[in-house]
Amino acid sequence: MLKIAWSDCYAHPLPKGHRFPMEKYELLPEQLVYEGTVTSSNFFQPGRLGMEWVLASHRSDYVERLFALELSKAEIRRTGFPMSKALVDREIHIMDGSVQAAVYALEHGIAMNVAGGTHHAFSDRGEGFCLLNDIAITANYLLQSKSVSRVLIVDLDVHQGNGTAEIFTDVKEVFTFSMHGESNYPMHKEVSDLDVGLPDGIEDAQYLKRLRKYMLPLIDSFQPEFMIYQSGVDVLKTDKLGRLGLSLQGCMERDRMVLQLAKTNHIPIMCCMGGGYSERIRDIVEAHANTFRLAQEIFF
């Protein structure tokens, strides 16, 4: 069965006019159930992740100040969210959702988190709508629990996974692969194990050609025992922050390639959703929904 992490705390209320589309976390599960892709039994409720797992990826001084709501105004501004206890509680539930989904993926081949993909959170700070890094926390959980010995992170959000790259600098058990808009945020890029910068406006055929070029030899050379897939849909041509030129079909074929490679090579995979900022919320929900539809089609 496809297990999916979701909590009603994912859709955290934000000030009117805020550019982050929190409503997608309500609409996406509703759409998947309405169309019959999943039922309510597919969803599980994450809890509060143990602090020891947060501290395995983040510095204790930052974590303490975050949970005490003692970040500076500049630090809060960098996250892009108004700070509150409810927001931090939401984050810790998202972290647990990704960790639990990874455990389910070891059993079922794949599992997913409706939220997550918080790749801009560094070991010592938050950025870009990310307070804690669920990708890093999940990878470290898998390694430190000795569930696997090599984790491949495939980050296809339009923005580089800078926080993830920083956390895993010189960690040979984790391979960080980020394919992102070269001229997009963050302007200062960290160094992933493999960074592929894309030109503005790139369309489906060239995008998929580049992804195939790098993914196939990467799996052969690194031989991952687990994959974490950040499947941000801000690669769409309709995205307000993306600047790339992918269609909904192209974005779906991107997901198909990654999921099929995991299935064919018997690599368990956990998918977290990442960003999406199209003007029409239905474009965001449809693109994310395609990832779940493909998970059912390919794995079950």
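In which strand is K3 found? In this predicted model, K3 belongs to strand β1, which covers residues 3-5. The relative accessibility of K3 is 13%, and because the limit for a buried residue is under 20%, K3 counts as buried. Leaving out residues up to four places away in sequence, K3 touches S41, N42, F44, Y104, H108, A111 and M112. One of these partners, F44, is 41 residues from K3 in sequence, yet the C-alpha atoms of K3 and F44 are 6.9 Å apart in space.

The overall architecture of the protein chain comprises 10 helices and eight strands. The radius of gyration is 17 Å, close to the 19 Å given by the globule rule for 300 residues, so the protein chain is as compact as a globular protein of that length. Along the principal axes, the C-alpha trace spans about 45 × 40 × 40 Å. Of the 300 residues, 58% are buried. Among contacts with a separation of 6 or more, 75% are between residues 24 or more positions apart.

The packing of helices may be considered next. Two packed helices are described by the angle between their axes and by the distance between those axes. Helix α1 (residues 24-34) and helix α10 (residues 281-299) have axes that come within 9 Å and cross at roughly 50°. This angle makes α1 oblique to α10, and the crossing of the two helices is right-handed. On the α1 side, the contact is formed by K24, L27, L28, Q31 and L32, which meet I281, I284, V285, H288, A289, F292 and R293 in α10. By class, the residues of this contact divide into eight nonpolar, two polar and two charged.

A second helix pair consists of α8 (residues 204-222) and α9 (residues 248-264), whose axes come within 10 Å and cross at roughly 10°. Because angles under 35 degrees count as roughly parallel, α8 is described as roughly parallel to α9. The contact of α8 with α9 contains nine nonpolar, one polar and four charged residues. From α8, the participants are D204, Y207, L208, L211, R212, M215, L216 and I219; their counterparts in α9 are G250, E253, R254, M257, V258 and L261.

Two residues in the loop between β7 (226-230) and α9 may be examined together. L246 lies in this loop and is buried, with a relative accessible area of 2%. When neighbours within four places in sequence are left aside, L246 is in contact with I202, E203, D204, Y207, V235, L236, K237 and C251. D204 and Y207 also take part in the contact of α8 with α9. The C-alpha atoms of L246 and F81 are separated by 28 Å, and the two residues are 165 positions apart along the chain. R243 is placed in the loop between β7 and α9 as well. With a relative accessible area of 42%, R243 is partly exposed.

Another loop position is P82, located between α4 (73-79) and α5 (85-108). The relative accessible area of P82 is 39%, a value that classes this residue as partly exposed. Apart from residues up to four places away in sequence, P82 touches L14, P15, H18 and L87. P82 and P15 are 67 residues apart in sequence, while their C-alpha atoms are 8.5 Å apart in space.

Several features of the backbone geometry remain to be described. Most residues other than glycine have a negative phi, and most peptide bonds are trans. R243, although not a glycine, has a positive phi of about 75°. F129 likewise is not a glycine and has a positive phi, of about 70°. The location of F129 is the loop between β3 (110-113) and α6 (134-144), where F129 is buried, with a relative accessible area of 11%. The peptide bond that joins Y185 and P186 is cis, with an omega of about -5°. P186 lies in the loop between β5 (174-181) and β6 (194-198).

Key: Residues are numbered from 1 along each chain as its sequence is written. This is a predicted model: local features need pLDDT of at least 70, side-chain atom pairs count only at pLDDT 80 or more; totals for chains, interfaces and linings use all residues. Side-chain values use heavy atoms; hydrogens and water are left out. Axes are lines fitted to C-alpha atoms, for helices over the stretch in contact, and angles run from 0 to 180 degrees between N-to-C directions. Helices (H or I, at least four residues) and strands (E, at least two) are DSSP runs, numbered from the N terminus. Angles under 35 degrees count as roughly parallel, over 145 as roughly antiparallel, 65 to 115 as roughly perpendicular and the rest as oblique. A crossing is left-handed if the near helix is turned anticlockwise from the far one by less than a right angle, and right-handed if clockwise. Contact means heavy atoms within 4.5 Å. Ala, Val, Leu, Ile, Met, Phe, Trp, Tyr, Cys and Pro count as nonpolar, Asp, Glu, Lys and Arg as charged, and the others, Gly among them, as polar. The radius of gyration is taken over C-alpha atoms; the globule rule is 2.2 Å times the number of residues to the power 0.38. Buried means under 20% relative accessible area, exposed over 50%, partly exposed in between (1.4 Å probe, protein chains only).
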